[in-house]
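User: Please take a close look at one strand of this model and what surrounds it. Walk me outward from that strand to the sheet, the helix beside it and the core.

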Amino acid sequence: MSPFSFPQLVAQPVANSPDSSATPLAPPTAEAVKFVPAHLKLTGEDAGLDCPSCNAATQLAEAGEFLVVACPQCFGFFSQSRNFNSIIEGVRKRYRGIESVQPLDAAQLRVARTCPACQNRFETHAYAGPGTTVVDSCANCRTVWLDGGELERIERAPGRR
Ligand SMILES: [Zn+2]
Ligand SMILES: [Zn+2]
């Protein structure tokens with residue numbers, strides 16, 4: 001078994017909104033601020049898992065009001081399945097930019113990656129909601145992995161917000 005535990009992770013308090021006066025988690029490094037997409041706020045705290053995409057050490061990060069595990073190098077992130085739809089809803093609601101659709105990269109469905117928490121193989125799916133993208137999930141940990149850029153595709157896709 002991995003020492004990593006998602007339930008402990010989400011039990012930690014997280015600020016409810018960017019305007020919250022609650023004490024924020026450790027501020028991201030200047031370098032992280034420079035590159036991190038708007039929807040992920042890296043905390044700088046090591047999550048104890050290697051990125052399933054690029055093998056960099058992942059960090060705890062905030063995605064809206066949820067705590068996730070994110071890669072500071074490729075910006076992929078790992079969330080609990082039960083939080084995934086809420087994370088997407090929040091990101092889509094906040095988006096005010098131009099809508100766009102990109103073709104599904106079907107080759108992504110055949111990329112076999114390993115869940116960094118339990119070492120099971122991820123299952124790949126074409127995401128059923130807005131945005132033509134591929135999501136990886138671990139049925140064992142009940143987690144979802146999105147590669148860097150995939151949340152942006154979902155965010156920008158036309159449809160109800
Ligand atoms: Zn990575
Ligand atoms: Zn797993």
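Analyst:
**Strand S7 and its surroundings**

Of the 161 residues in the protein chain, 35% count as buried. The model is a predicted one. The chain holds four helices and seven strands. Read from the N terminus, their order is α-α-β-β-β-β-α-β-β-β-α. Contacts also reach across the sequence: taking those in the chain with a separation of 6 or more, 45% are between residues 24 or more positions apart.

Start with the strand itself. S7 covers residues 143-146. Thr143 and Trp145 point one way, while Val144 and Leu146 point the other way. In a regular strand, side chains alternate between the two faces of the sheet. What is the burial state of these four residues, buried or exposed? Thr143, Val144, Trp145 and Leu146 are all buried.

Next, the partners. S7 pairs with strand S4 (residues 77-80) through four bridges, and the two run antiparallel. Phe78 of this pairing has Trp145 as its bridge partner in S7. Phe77 has Leu146 as its bridge partner in S7. Strand S6 (residues 134-138) also joins S7, here through three bridges, and again the run is antiparallel. In that pairing, Asp136 stands opposite Trp145. Trp145 thus has Phe78 as a bridge partner and Asp136 opposite.

The link between S6 and S7 is a hairpin, with four residues between the strands. Arg142 lies in the turn and has a positive phi of about 55°.

Now step back to the sheet. Strands of a sheet pair through backbone hydrogen bonds, either parallel or antiparallel. Here seven strands form an open sheet, ordered S1-S2-S3-S4-S7-S6-S5, and the pairing is antiparallel. Strands S1 (41-50) and S5 (123-126) stand at the edges. Each has a single partner strand, so one side of each lacks a neighbour in the sheet. From one strand to the next, the twist averages 35°.

A helix packs on this sheet. Helix H3 (residues 81-94) touches S2 (57-63), S3 (66-70), S4, S6 and S7. The direction of H3 makes about 110° with that of S4. H3 has 14 residues, and at 1.5 Å a residue they should span 20 Å; the end C-alpha atoms are 21 Å apart, which agrees.

Which residues of H3 are buried? They are Phe84, Ile87, Ile88 and Val91. These residues cover an arc of only 100° around the axis, which puts them on the same side of H3. The buried residues of H3 pack against S2, S3, S4, S7 and helix H4. The face turned away from the buried side carries Arg82, Asn85 and Lys93, which are exposed.

Last, the core. The largest nonpolar core has 32 residues. Leu40, Ala61, Val68, Val69, Ala70 and Phe77 touch the most other members. S1, S2, S3, S4, H3, S6, S7 and H4 (150-156) each supply at least two residues of this core. Val68 shows some of the contacts involved. Leaving aside neighbours within four places in sequence, Val68 is in contact with Ala61, Ala63, Phe77, Phe78 and Ser79.

That brings the path back to S7: Phe77 is a bridge partner of Leu146, and Phe78 is one of Trp145.

Methods:
Residues are numbered from 1 along each chain as its sequence is written. Chains are lettered from A and ligands numbered from 1 in the order in which they are written. This is a predicted model: local features need pLDDT of at least 70, side-chain atom pairs count only at pLDDT 80 or more; totals for chains, interfaces and linings use all residues. A residue is buried if 20 or more other C-beta atoms lie within 10 Å of its own, exposed if 12 or fewer, and partly exposed in between; C-beta atoms are placed from the backbone. Two strands pair if DSSP finds at least two bridges between them. Axes are lines fitted to C-alpha atoms, for helices over the stretch in contact, and angles run from 0 to 180 degrees between N-to-C directions. Two residues are in contact if their C-beta atoms, placed from the backbone, lie within 7 Å. A nonpolar core is a set of buried Ala, Val, Leu, Ile, Met, Phe, Trp, Tyr and Cys residues joined through C-beta atoms within 7 Å. The expected span of a helix is 1.5 Å times one less than its number of residues. The arc is that of the directions from the helix axis to the C-beta atoms.
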